[in-house]
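Me: Hello! I am new to this structure and would like to understand the words people use for it. Could you show it to me and take me through them?

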Amino acid sequence: MRYIIVRLIVFESYSVNKIHESNLVLLDEVIYEHDELMKDMKELKDLKTKLESLEESDGNIGIAINNLDEARKGMMSFMKDFSEEFPFDSYPMQKDAREGLDSKILKEINGKLQRQKEVVMEVSSKFSTSIDQAEKLLD
């Protein structure tokens, strides 16, 4: 009986560590994509300014400006939601704060990180599409 209990404790510890490692990988991926998008924020603004300065009255220009705005709004929304979901002073932002968290809570956090990754990748897609669209109109 003791052997079974010891095995369960070892397995739970292994499981908790694996989920924690997965959380850290996901967090790093989300933060990396966020940082890359932040580099493009100025480009969104610059492209919008250039499109607005065109004297042509083309419906495609208005659509492109709207798409640039939507990409920026998507980023702002992502950052707000992410910071509310994962405050800077708690796990996983503070890796040491995982003490006392069981596998159920870590799995919940993993699911939330997965969703945040999906959101930031959608924002990334909006950035790419809107930038490409604006650049084509400016050529």
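Reply: Happily! Let's begin with a term: a nonpolar core is a set of buried Ala, Val, Leu, Ile, Met, Phe, Trp, Tyr and Cys residues joined through side-chain atoms within 4.5 Å. Buried means under 20% relative accessible area, exposed means over 50%, and partly exposed is in between, using a 1.4 Å probe and protein chains only. What you see is a predicted model, in which local features need pLDDT of at least 70 and side-chain atom pairs count only at pLDDT 80 or more, while totals for chains, interfaces and linings use all residues. Residues are numbered from 1 along each chain as its sequence is written, and side-chain values use heavy atoms, with hydrogens and water left out.

Me: Which residues of the largest nonpolar core touch the most other members?

Reply: They are Leu44, Leu51, Met75, Phe78, Phe82, Leu113 and Phe127, out of 28 residues in that core. Helices H1 (2-53), H2 and H3 each supply at least two residues of this core, and H1 gives the most, with 10 residues. Helices here are DSSP runs (H or I, at least four residues), as strands are (E, at least two), numbered from the N terminus. As a general point, nonpolar side chains tend to be buried together in soluble globular proteins.

Me: Why is Phe82 called buried?

Reply: Its relative accessible area is 7%, and the cut-off for buried is under 20%, so the word applies. Phe86 is buried too, with a value of 4%. Phe78 and Phe82 are both buried.

Me: What makes Phe78 and Phe82 a tilted pair?

Reply: Rings of Phe, Tyr and Trp (its six-membered ring) pair if their centres lie within 6.5 Å; planes under 30 degrees apart count as stacked, over 60 as edge-to-face and the rest as tilted. The structure holds 2 aromatic pairs. In the pair of Phe78 and Phe82, the centres are 5.7 Å apart and the planes are at 40 degrees, so the pair is tilted. Phe82 and Phe86 form a tilted pair as well, at 5.1 Å centre to centre and 50 degrees between the planes. Together, Phe78, Phe82 and Phe86 form one aromatic cluster.

Me: How many residues apart are Phe78 and Phe82 in their helix?

Reply: They are 4 residues apart in helix H2 (residues 59-85), which means a separation of about one helical turn.

Me: How do you know that Ser130 is buried?

Reply: Its relative accessible area is 1%, which is within the buried range of under 20%. Ser130 is found in helix H3 (residues 103-138).

Me: And what is Ser130 in contact with?

Reply: Contact means heavy atoms within 4.5 Å. Leaving aside neighbours within four places in sequence, Ser130 is in contact with Leu44, Asn67, Leu68 and Ala71. Seen from the other side and leaving aside the same kind of neighbours, Leu44 has contacts that include Ser130, Phe127 and Ile131.

Me: Why is the meeting of Lys39 and Glu36 called a salt bridge?

Reply: A salt bridge is a side-chain nitrogen of Lys or Arg within 4 Å of a carboxyl oxygen of Asp or Glu. Lys39 and Glu36 meet at 2.9 Å, N to O, so the rule is satisfied. The two are 3 residues apart in helix H1, about one helical turn. Lys39 counts as exposed at 57%, whereas Glu36 is partly exposed at 27%. By this rule the count comes to 9 salt bridges.

Me: Which parts of the chain does the salt bridge of Lys112 and Glu85 link?

Reply: Lys112 forms a salt bridge with Glu85, with the closest N and O atoms 3.3 Å apart. This pair links distant parts of the chain, with Lys112 in helix H3 and Glu85 in helix H2, 27 residues apart. Lys112 counts as partly exposed at 30% relative accessibility, and Glu85 counts as partly exposed at 33%. Salt bridges that share partners also join Lys48, Glu52 and Asp69 into one network.

Me: Last one: what makes Met38 partly exposed?

Reply: Met38 has a relative accessible area of 37%, and partly exposed covers values between 20% and 50%, so the label fits. Met38 lies in helix H1 and touches Met75 and Met79, not counting residues up to four places away in sequence. Met38 and Met75 are 37 residues apart in sequence and 8.6 Å apart in space, C-alpha to C-alpha.
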